[in-house]
Amino acid sequence: MSRGFTKDKTLSSIFNIEMVKDKTAEEIKQEEKFDLIWNRAQSCPTFLCALPRREGYEFFVGQWSSTELHFTALINIQTRGEAAVSQLILYHYPELKEEKGIVLMTAEMDSTFLNVAEAQCIANQVQLFYATDRKETYELVETFNFRPNEFKYMSVIAELEQSGLGVELKCAQNHDKT
């Protein structure tokens, strides 16, 4: 667990559930793909996301732990091993799933490593890779988990670029250079 992150965070500790009890799922914001993501995460709990940087990409490894998804830069894992700390944690709250058909999510990030736009780019890739209908896209997740020697890092970048995720981030970074 990284410094500054909250352990055992509950939905009621960050969200007034009573405020949404009488609202419809559409009024709250529906999360339709959580079941697919959740089921796939059970068999493939680890994956790699690519974050656009000024010069190229930085890879982040995501590791599911119950309903939390912890992300750490690959370079930190390579250099620190088990001591590598989370730089982004996505918390999923399925408490309203049965009643309202929604799963709420929040995140905590280490702002010395990531800004909000970068954290959103990583979070969006969870849906891109885990909730996809494209067999080829999800096969990257399966290959990473079951046949790591066959995994090609550039395939993640190609999929990210094809999806259009991270374009605004890359543009903003390039604009900051001028």
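Visitor: What makes the pair of Asn 115 and Ala 117, at the start of α6, a polar contact?

Guide: A side-chain oxygen of Asn 115 comes to within 3.1 Å of the backbone nitrogen of Ala 117. A polar contact is a pair of N or O atoms within 3.5 Å; within protein, one must be able to donate a hydrogen and the other to accept it, and residues adjacent in sequence count only if both atoms are side-chain atoms. The pair meets this definition, so the name applies. This is a predicted model, in which local features need pLDDT of at least 70 and side-chain atom pairs count only at pLDDT 80 or more, while totals for chains, interfaces and linings use all residues. Residues are numbered from 1 along each chain as its sequence is written, and side-chain values use heavy atoms, with hydrogens and water left out.

Visitor: Why is α6 called a helix, and what span does α6 have?

Guide: Helices (H or I, at least four residues) and strands (E, at least two) are DSSP runs, numbered from the N terminus. α6 has 15 residues, so the minimum is met. From its first C-alpha to its last, α6 reaches 21 Å, close to the expected 21 Å; that expectation is 1.5 Å times one less than the number of residues. The protein holds 9 helices and 5 strands.

Visitor: How do you know that β2 and β3 pair?

Guide: Two strands pair if DSSP finds at least two bridges between them. β2 (residues 57-65) and β3 (residues 68-73) have 6 bridges, in the antiparallel sense, so they count as paired. Ser 65, for one, has Glu 68 in β3 as its bridge partner.

Visitor: What makes β1 and β5 edge strands?

Guide: The open sheet runs β1-β2-β3-β4-β5, with antiparallel pairing. β1 (46-52) and β5 (104-109) each have a single partner strand, so one side of each lacks a neighbour in the sheet.

Visitor: What does α6 touch in the sheet?

Guide: α6 (residues 116-130) packs on the sheet and touches β1, β2, β3, β4 (88-93) and β5. Contact here means heavy atoms within 4.5 Å.

Visitor: Which residues of α3 are called buried, and where around the axis do they lie?

Guide: Buried means under 20% relative accessible area, with exposed over 50% and partly exposed in between (1.4 Å probe, protein chains only). In α3 (residues 34-43) the buried residues are Phe 34, Ile 37, Arg 40 and Ala 41. They cover an arc of only 135° around the axis, which puts them on the same side of α3; the arc is that of the directions from the helix axis to the C-beta atoms. Their cover includes β2, β4, α5 (97-100), α6 and α7 (135-146).

How values were computed. Axes are lines fitted to C-alpha atoms, for helices over the stretch in contact, and angles run from 0 to 180 degrees between N-to-C directions.
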